[in-house]
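Hi everyone, thanks for making time this morning. I'd like to walk you through a protein model, so please pull it up and follow along.

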Amino acid sequence: KSAYSSGHPAFGVGPGNVQTIFDRGYSDYRKAIAQTVLGRKYDNGLICACNQSFIIPREMEEELSRIMREEKALYIDDEKTVSQFRKIIFPDGGHINPHVVGKNIQEIARMADVAIPEDAVIAVLKIDKKNSGSKDPLCGEKMCPVAICMTYDSFEEAVDLARNNLLYQGAGHSAVIHTDDEKKAEYCGIE
């Protein structure tokens, strides 16, 4: 509001909750995951253009989480551990804890009382897709090196999950799709 009312031209955006969809049959998952991890770890997740999610085909979870681990992303699918991170990052269930903002993943893990490898660069927390959007604060912008992962069955469902998260926090900002199918990319962009 201050920038807009200053009398000078100004651009402003809301939360940058960048959703990332990995399409079935994509030609280079390794490269796509490496780019997503790099984007999430950059500046400890402070940049609004950082990827916030991995939306992946259900049947590829094991393969893609293995690639995440090879890229030094700690993949966590244990709900108890996910909950520990959720409580430290969003202690009141909605607002981010200022003490995690811009911290590295080891510091955040210590705050959450979770032991992690010293070489981990981000944490990827598996979220139940039924809780996309406002049903889980982890689906919003996390200004730290933590991302979420949700699995999908159909491509349309993947786009719906991304849309739900963007409408919770991030509408009008950014989204990513890794696909070789121009029609799917167009569908994603339109939706």
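I'll start with the overall fold, then turn to the cysteines, a surface patch and one isoleucine.

Please keep in mind that this is a predicted model. The protein has six helices and six strands. Reading from the N terminus, the order of elements is β-α-β-α-β-α-α-β-β-α-β-α. How compact is the protein for its length? Its radius of gyration is 16 Å, close to the 16 Å that the globule rule gives for 191 residues, so the protein is as compact as a globular protein of that length. If you prefer a box, the C-alpha atoms fill one of roughly 50 × 45 × 30 Å along the principal axes.

Now, inside and outside. Of the 191 residues, 46% are buried. The exposed area of the protein is about 9,700 Å², and carbon and sulfur atoms supply 51% of that. As for contacts with a separation of 6 or more, 71% of them involve residues 24 or more positions apart.

On to the cysteines, which I know some of you will ask about. A disulfide is a covalent bond between the sulfur atoms of two cysteines. How many disulfides does the model have? The count comes to zero, with a cut-off of 2.5 Å between the sulfur atoms. Take Cys-48: its closest cysteine sulfur is in Cys-50, 8.0 Å away, and that is too far for a bond. Cys-139 is in no disulfide either, as the nearest cysteine sulfur, in Cys-149, is 11 Å away. The two also sit in contrasting surroundings: Cys-48 is partly exposed, at 32% relative accessibility, while Cys-139 is buried, at 0%.

Next, have a look at the surface. Tyr-42, Leu-46 and Ile-47 make a nonpolar patch of about 270 Å². Tyr-42 lies in the loop between α1 (29–41) and β2 (53–57). Is Tyr-42 buried or exposed? With a relative accessible area of 54%, Tyr-42 counts as exposed, because the threshold is over 50%.

Last stop, Ile-96. You'll find Ile-96 in the loop between α3 (79–89) and α4 (105–111). Its relative accessibility is 24%, so Ile-96 counts as partly exposed. Which residues does Ile-96 touch, leaving aside neighbours within four places in sequence? Ile-96 is in contact with Ile-89, Phe-90, Val-101, Glu-141, Lys-142 and Met-143. Glu-157, by comparison, is 61 residues from Ile-96 in sequence and 27 Å from it in space, C-alpha to C-alpha.

That's my tour, and I'm happy to take questions.

Methods: Residues numbered from 1 in each chain as written. Predicted model: local features only at pLDDT ≥ 70, side-chain atom pairs only at ≥ 80, totals over all residues. Heavy atoms only, no water. Helix = DSSP H or I, 4+ residues; strand = E, 2+ residues; numbered from the N terminus. Buried < 20%, exposed > 50% of the residue type's maximum accessible area, 1.4 Å probe, protein only. Contact = heavy atoms within 4.5 Å. Patch = residues over 30% accessible without salt bridge, like charges linked within 9 Å, V, L, I, M, F, W, Y side chains within 5 Å. Areas by Shrake-Rupley, 256 points an atom, 1.4 Å probe, with all protein chains shown as cover. Salt bridge = Lys/Arg side-chain N within 4 Å of Asp/Glu carboxyl O. Rg over C-alpha atoms; globule rule 2.2 N^0.38 Å.
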